[in-house]
Amino acid sequence: MDPVDERRLDQLMWRLETWAVFAREPGVTPSVQAALERHCRIDHAAILLFPSTIDDLRASLWARGFEIRRTCPSTVVRRRLAERYDLDLPVAIVYAVRAAGGPALEVFVPEPGPGFARIAARERERNEETHLALDVLAPDEIVVRGLGRLLTSVLGFAPDGGGFNPYEDEARGGRTVLYFSRPTAWPGRVELACAGHYPHILRSHLARTPELVADG
């Protein structure tokens, strides 16, 4: 894998923390922390990488103690890249875990094609798809809306896109993801992941999301 991507992957692993990452935030009281831990778990950290093959990525992950458990097509990241670069490249989601437990790694891998190098150059500079994912344990409309308000009102995040992927959590009706971002501090981007389809919440969230800044 490219040395720049190797360094980016290592940097993300150093930041793959437990709930302490939020406990340090100004304004996060014990009750706020308890609410986060009651309704969510830190599932994974995610990054967009550009290996030559999945086997190339597998070797890099294995060297860091991670094993690939599953892959599936991405709909959300594929659409974001299409909007940002005016390109449509298939994107795979590679989900890897480590034997020692703890948060997993999720790697987005676009299929090589026209414009691939342009995407790699910008992503390696800006890390626009890197994020920390919170999995909602028992999602319903009230819980998901409440967690979204907590992220925006207490932790300083703003809506940053999202979508529905029928290929993830197929047994539970697919997966809805809501992204939130902020200009400073780690994590600069958070994914709120919910098993099932929540079209009303997603529509409201997307309506409050600024348009992506196009390449070039």
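A cavity here is a set of grid points where a 1.4 Å probe fits but cannot get out, and its lining residues have an atom within 4 Å of a point. Keep in mind that this is a predicted model.

**Exercise 1. Find the enclosed space and say what lines it.**

Step 1: count. Searching the whole structure turns up 1 cavity of 30 Å³ or more.

Step 2: size it. The largest cavity comes out at about 80 Å³.

Step 3: look at the wall. There are 13 lining residues, and I93, E106, E168, V177 and Y179 sit nearest the centre of the largest cavity.

Step 4: trace the wall back to the fold. Helix 5 (76-85), strand 4 (104-110) and strand 7 (175-181) are the elements that each give two or more residues to this lining. Strand 7 contributes the most, with 3 residues.

Step 5: sort by class. The lining of the largest cavity splits into 6 nonpolar, 3 polar and 4 charged residues.

**Exercise 2. Describe how helix 5 packs on helix 6.**

Step 1: get the geometry. The axes of helix 5 and helix 6 (residues 116-126) lie 12 Å apart, at an angle of about 100 degrees.

Step 2: name the arrangement. Angles of 65 to 115 degrees count as roughly perpendicular, so helix 5 and helix 6 are roughly perpendicular to each other.

Step 3: list who touches whom. From helix 5, L81, R84 and Y85 meet R118, I119, R122 and E123 of helix 6. By class, this contact has 3 nonpolar, no polar and 4 charged residues.

**Exercise 3. Do the same for helix 3 and helix 7, and add the handedness.**

Step 1: geometry again. Helix 3 (residues 30-39) and helix 7 (residues 141-153) have axes that come within 11 Å and cross at roughly 140 degrees.

Step 2: name it. Roughly antiparallel needs an angle over 145 degrees, and helix 3 and helix 7 are therefore oblique to each other.

Step 3: handedness. The crossing of helix 3 and helix 7 is left-handed.

Step 4: contacts. V32, A35, L36 and H39 of helix 3 meet V143, L147 and L150 of helix 7. Those contact residues divide into 6 nonpolar, 1 polar and no charged.

**Exercise 4. Work out what lines the second largest pocket.**

Step 1: volume. About 200 Å³ of space lies in the second largest pocket.

Step 2: the lining. Click through R8, Q11, L12, R15, I47, R126, N127, T130, A185, W186, G188 and R189, which line the second largest pocket.

Step 3: the main contributor. Helix 1 (residues 3-14) supplies the largest share of this lining, 3 residues.

Step 4: the class tally. The second largest pocket is lined by 4 nonpolar, 4 polar and 4 charged residues.

Key: Residues numbered from 1 in each chain as written. Predicted model: local features only at pLDDT ≥ 70, side-chain atom pairs only at ≥ 80, totals over all residues. Heavy atoms only, no water. Axes fitted to C-alpha atoms, helices over the stretch in contact; angles between N-to-C directions. Helix = DSSP H or I, 4+ residues; strand = E, 2+ residues; numbered from the N terminus. Parallel < 35°, antiparallel > 145°, perpendicular 65-115°, else oblique. Left-handed = near helix turned anticlockwise from the far one by under 90°. Contact = heavy atoms within 4.5 Å. Nonpolar A, V, L, I, M, F, W, Y, C, P; charged D, E, K, R; others polar. 1 Å grid on protein atoms, 1.4 Å probe; cavity = no way out; pocket = protein on both sides within 12 Å on 5 of 7 lines; lining within 4 Å. Points joined across faces, edges and corners; volume = space filled by probe spheres on them.
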